[in-house]
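Let's take a walk through a protein model, one bit of chemistry at a time. Have the sequence and the 3D view ready, and find each residue as it comes up.

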Amino acid sequence: MARLSLLLLAVALAAGPATAQAPDGEIPRLALTTDGPVFRVPIEGMIDNALARYVDRALAEAEAAEASAVVFEIDTYGGLLDAADQIRTAILDAPMPTIAFIDRNAASAGALIAYANDRIAFVPGASMGAATAVDAAGQYASEKVQSYTRGLIRATAEATGRDGRIAEAMVDERIAIPGVVEEGQLLTLTADEALRLGVADAVVPTFGALAEAFGLAEQPVERHAASTVERVLRFLGSPIVASILMLMMMGGLYFELQTPGVGFAGGMALLGAALFFAPHYVLGLAESWEIILFVVGLSLIAVEVFVIPGFGVAGIAGIVLTIGSLLAALLPNVGFAFPSGTDVAQAAATLASSLVLLVLLAISVGRYLPRSERFSHLVLAPDFTAAEGYTSADTDDSLLGQTGRTLSPLRPAGVADIGGRRVDVVAQSTFVPPGTAVEVVSVRGSRVEVREVRTAQGEAAQA
């Protein structure tokens, strides 16, 4: 009997549980108010404003479909704090139950989003935490931003019935929790640790197991996905692509001003401006006044270049307005409040990197492109050399071989009378006195070369 019991225990341990549950042995099921579908909404990649708009749309469509629940499948390393706050608020205000299904990673801003859900489930091997706010350079943000982030994640955790102290330890390494995290370490929880501490409600391997655990197995499932337009907006609105578009915009403007009338560089600048401002305007990052400011700046630069000679007030004002409008378009709109230091630093870093790349591009193009073989095929640049037969004036071959006399000293250039004509000549020797007989030995364009006519005794003949 003892051997049979041991055998059954070994089989049970080898199979393992399909679902891990809370320490009290019971998974809290959702209180469903409708029999509608379960929406599966992915939250993947960088947390940005385009993703926040997508989550808003997904929740609105779930409400319209009378969804019984929304499952957010989270796999992210974080992103923009303001975008994460928008998503957090939308989830907290959702009229239906929500579940965060952490598939591998819910780091930084992803942890804040996960805490906003009514239930949290992990896949085995997933993690959640390390939510400290950092600036564009990856350094810790100011204490003002850190304090706000701590309060935000603590309030979110408490609003969904979880320990706010544990959530706050994911932001502030100064918080020590006995048996959980030591002082000086940011808290990041594994699936098992989250389950033990009550952050997670279940650890499940698949979505099917999650549906079974939370009583959603009988509900139809609807996979929700971002539209093509949302994916394009998210791509164009990313900081890296924004830098490339600004480089294309400013680089095209620079080369168009260098070669006015060509059109191609100007067209590239207009295309870059459209692709930069359009997604930022749709995503709510750029306001109408910022676009107007950009157009006014470009107009002032054009006036300075084409109308007003030199470079003065109009040109400087145009540059300031253009750069200012680009910087403003990169900042999140926060009403009448001033953006946070993190937002300003990130926007300034994006704009500065674009300007540095523009300077390097201009230097490289100006130095190396004219020398390249491919450039010579695009631009007509023939070699007008004397070896090819080109001269700066017509060649009078009738002078060749004629003799005359010098009217002025040749040192070695001077004037000579050749066949009754005053001709500017150049002597082969260093000095030829006036009145000396000379003979034309070479004519090439306006250069007439002469030499002294010697007598039989080798003396210079006097005319």
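## A network of charges

Start with Arg174 and Asp172, whose side chains meet in a salt bridge at 3.0 Å, N to O. Keep in mind that you're looking at a predicted model. The two partners sit in rather unlike surroundings: Asp172 is buried, with a relative accessible area of 8%, while Arg174 counts as partly exposed at 49% relative accessibility. The cut-off for buried is under 20%, so Asp172 makes it and Arg174 doesn't.

Now look for Glu168 and Arg150. They form a salt bridge too, and here the closest N and O atoms are 3.9 Å apart. Glu168 belongs to helix 6 (residues 164-169) and Arg150 to helix 5, so this pair ties together parts that are 18 residues apart in sequence. Are these two buried or exposed? Glu168 is buried, with a relative accessible area of 11%, and Arg150 is buried with 11% as well. Zoom out a little and you'll find a network of salt bridges linking Glu143, Arg150, Arg154, Glu168, Asp172 and Arg174.

## A salt bridge within one helix

How many salt bridges does the model have? The count comes to 16. One of them joins the side chains of Arg57 and Glu61, at 2.7 Å from N to O. Both residues lie in helix 2 (residues 49-64), and they're four residues apart, which is about one turn of the helix.

Neither end of this bridge counts as buried: Arg57 is partly exposed at 25% relative accessibility, and Glu61 is partly exposed at 32%.

## Rings that meet

Next, the aromatic side chains. A pair of aromatic rings is described by the distance of the centres and the angle of the planes. A search of the whole structure turns up two aromatic pairs. In one, Phe276 and Phe277 are arranged edge-to-face, with 5.0 Å from centre to centre and 90° between the planes. Phe276 is buried at 0% relative accessibility, and Phe277 is buried with a relative accessible area of 6%.

Phe277 also pairs with Phe294: the ring centres are 5.0 Å apart and the planes are at 50°, so this pair is tilted. Phe277 sits in helix 11 (residues 264-282) and Phe294 in helix 12 (residues 288-306), so to speak two distant parts of the chain, 17 residues apart, linked by one pair. Phe294 is buried, just as Phe277 is. Put the pairs together and you get a cluster of Phe276, Phe277 and Phe294.

A ring can have a charged neighbour too. The charged end of Arg40 sits over the ring of Phe207, 3.9 Å from its centre.

## A greasy spot on the surface

Which residues form a nonpolar patch on the surface? They are Val303, Val305, Phe306, Val307 and Ile308, and together they have about 430 Å² of accessible area. Val305 is found in helix 12 and counts as partly exposed, at 39% relative accessibility.

## Strands side by side

Move on to strand 13 (residues 437-444). Strand 10 (residues 403-406) pairs with it in the antiparallel sense over three bridges, and Arg405 stands opposite Ala437 in strand 13.

Strand 13 also pairs with strand 14 (residues 447-452), again in the antiparallel sense, this time over six bridges. Val440 stands opposite Val450 in strand 14. Strands 13 and 14 form a hairpin with two residues between them, and Gly445 in the turn has a positive phi of about 65°.

## Some unusual backbone angles

Most residues other than glycine have a negative phi, and most peptide bonds are trans. Look at Ser108, then: its phi is near 55°, a positive value in a residue other than glycine. You'll find Ser108 in the loop between strand 4 (98-107) and helix 4 (109-115).

Ala130 isn't a glycine either, yet it has a positive phi of about 50°. It is found in the loop between strand 6 (127-129) and helix 5 (143-159), and it counts as partly exposed at 32% relative accessibility. As for the peptide bonds, the one from Arg411 to Pro412 is cis, with omega near -10°. Pro412 lies in the loop between strand 10 and strand 11 (413-418).

Technical notes:
Residues are numbered from 1 along each chain as its sequence is written. This is a predicted model: local features need pLDDT of at least 70, side-chain atom pairs count only at pLDDT 80 or more; totals for chains, interfaces and linings use all residues. Side-chain values use heavy atoms; hydrogens and water are left out. Rings of Phe, Tyr and Trp (its six-membered ring) pair if their centres lie within 6.5 Å; planes under 30 degrees apart count as stacked, over 60 as edge-to-face and the rest as tilted. Buried means under 20% relative accessible area, exposed over 50%, partly exposed in between (1.4 Å probe, protein chains only). A charge sits over a ring if NZ of Lys or CZ of Arg is within 6 Å of the ring centre and within 35 degrees of the ring normal. Patches are made of residues with over 30% relative accessible area and no salt bridge: like charges are joined within 9 Å, nonpolar side chains (Val, Leu, Ile, Met, Phe, Trp, Tyr) within 5 Å. Accessible areas come from the Shrake-Rupley method with a 1.4 Å probe; for residues, only the protein chains shown count as cover. A salt bridge is a side-chain nitrogen of Lys or Arg within 4 Å of a carboxyl oxygen of Asp or Glu. Two strands pair if DSSP finds at least two bridges between them.
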